[in-house]
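Dear colleague,

Please find the structure below, followed by a summary of what was found in it.

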Amino acid sequence: MNTLTLTQAVFSPTGGTQRVADAIIGSAMNVNKIDLCTEVAPLPLFTPLMAVLPVYGGRLPVVAVERLRRIKGQGQAAVAVVVYGNRAYEDALLELKNELTACGFTVVAAAAFVAEHSIVRSIAAARPNAEDLACAAEFGTKVAAKLEADDMSVVTVPGNEPYKELPKMPVVPQTTEACGGCGRCARLCPAGAIPADAPHTTDAAKCMLCMRCIMVCPRRARLLPAPVKEMMAQRLQAVASEPKLPELFI
Ligand SMILES: Cc1cc2nc3c(=O)[nH]c(=O)nc-3n(C[C@H](O)[C@H](O)[C@H](O)COP(=O)(O)O)c2cc1C
């Protein structure tokens, strides 16, 4: 029986980050979950925290960081995990470590895993694969052992400061006439970028192009303009085709 309970805060608009997060927990720990795709009330936390976030433009999604900042630690251990689409995670892991430290945690483990690229799904297709998931489970076992041993040694992670500039999103998803106005996209948009009373529109100032509205639309009525997708696919094929392996810092 596990005695270790950890809180896991996950931001996963299209599910790849969640799969990695679940595999890390495996059977190694008991877990309380915080969904960073929804609003988070200010929360003093007394358990260790594991934050699992996707990489957007070599950084963390702004909305996820804003919500993470509402969770306050009391010096206890935290684990920083980023999930990226096989291009690069650049400054995202360092940013996550720094954010967790600023929230009052001590970052004792970190990792970067690969998942299918949520914009161009042919990049890192079927990742995390069986090896990735086994590696995530092994990481979880190591994390549990470190937490149980009260080993508070801080890890060093790659990344540069100042961080890369936050990317500007070139487009927002478009809505076709297949839209039935059901509002599912508006309800599930992590950024509140789709008005409930006009779900065929998108607020470009809020949209972070997370792709969730495209994934959840029952009529496939939301999509990226084809030329943009084609341009992104070509760019990514040049830099993200060689499979990358998980990296663990513990
Ligand atoms: C707006 C955006 C920017 C992204 N930027 C990067 C990046 O810089 N490097 C990379 O390797 N993958 C990048 N990705 C891919 C995601 O990090 C990856 O697909 C992740 O698994 C998505 O998480 P989710 O499935 O939980 O939504 C990006 C995806 C999106 C939507």
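How many bridges join strand β4 to β6, and do they run parallel or antiparallel? Six bridges join β4 (residues 49–54) to β6, and the two run parallel; strands here are DSSP runs of E of at least two residues, helices are runs of H or I of at least four, and both are numbered from the N terminus. In this pairing, L53 stands opposite V82 of β6.

This is a predicted model, in which local features need pLDDT of at least 70 and side-chain atom pairs count only at pLDDT 80 or more, while totals for chains, interfaces and linings use all residues. Residues are numbered from 1 along each chain as its sequence is written.

The sheet is open and has six strands in the order β2-β1-β4-β6-β7-β10, with mixed pairing; two strands pair if DSSP finds at least two bridges between them. At its edges lie β2 (30–35) and β10 (247–249), each paired on one side only.

Turning to the ligand, 27 residues surround it, of which S12, G16, T17, G85 and R87 come nearest; a residue is near if its C-beta atom, placed from the backbone, lies within 6 Å. Helix α1 (16–25) and strand β6 (77–84) each supply at least two residues of this shell, and α1 gives the most, with three. Domain 1 (5–162) and domain 2 (174–223) each contribute at least three residues to the shell, the bounds coming from an automatic or database domain assignment.

Yours sincerely
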